[in-house]
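Subject: A structure for you to look at

Hi there,

Here is the structure I promised to pass on. Have a look at it first, and then read on for what I found in it.

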Amino acid sequence: MDEAHNGSAFRTDEREELCEYIDQSLTEHGVDVVALTARHGLGRYQLTDKWRQW
């Protein structure tokens with residue numbers, strides 16, 4: 001898959017790891033992810049789920 005996109009695509013497991021990292025980093029730095037997503041009409045995991053769809 002990566003070769004088909006000139007080295008710029010993520011494998012599924014890499015995307016999952018990136019999403020988890022983003023989520024953990026936001027939480028560790030005091031971002032209330034639940035409140036943030038709710039303010040934008042999103043569910044708890046939709047912030048990083050957008051990445052998972054790529």
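Is T37 buried or exposed? The model is a predicted one, and in it T37 has a relative accessible area of 2%. The cut-off for buried is under 20%, so T37 counts as buried.

Some context for that residue: T37 sits in helix α2, which covers residues 33-39. A polar atom of the T37 side chain lies 3.0 Å from the backbone oxygen of V34. Leaving aside residues up to four places away in sequence, T37 touches L42, G43, R44 and L47.

Now for the chain as a whole. The protein chain has three helices and zero strands, and its elements follow the order α-α-α from the N terminus. Of its 54 residues, 15% are buried. The chain exposes about 4,200 Å², and 53% of that comes from carbon and sulfur atoms.

Helix α1 is worth a visit too. With 17 residues (residues 12-28) at 1.5 Å a residue, α1 should span 24 Å, and this agrees with its end C-alpha atoms, which are 24 Å apart.

Which residues of α1 are buried? They are R15, C19, D23 and S25. These four cover an arc of only 165° around the axis, so they lie on the same side of α1. It helps to recall that an α-helix has 3.6 residues a turn, so residues three or four places apart point the same way. The exposed residues E17, Y21 and E28 are carried by the face of α1 turned away from its buried side. Just after α1 comes G30, with a positive phi of about 85°.

One of those buried residues deserves a closer look: D23, which belongs to helix α1. Its relative accessibility is 11%, so D23 counts as buried. Again leaving aside residues up to four places away in sequence, D23 touches V33, R44 and T48.

That brings me back to where I started. R44 is touched by D23, and R44 is also among the residues that T37 touches. If you open the model, you could begin at R44 and go from there to D23 in α1 and to T37 in α2.

Happy to talk it over whenever suits you.

Best wishes

Definitions and conventions:
Residues numbered from 1 in each chain as written. Predicted model: local features only at pLDDT ≥ 70, side-chain atom pairs only at ≥ 80, totals over all residues. Heavy atoms only, no water. Helix = DSSP H or I, 4+ residues; strand = E, 2+ residues; numbered from the N terminus. Buried < 20%, exposed > 50% of the residue type's maximum accessible area, 1.4 Å probe, protein only. Polar contact = N/O pair within 3.5 Å; in protein donor to acceptor, adjacent residues only side chain to side chain. Contact = heavy atoms within 4.5 Å. Areas by Shrake-Rupley, 256 points an atom, 1.4 Å probe, with all protein chains shown as cover. Expected span 1.5 Å × (residues − 1). Arc of directions from axis to C-beta.
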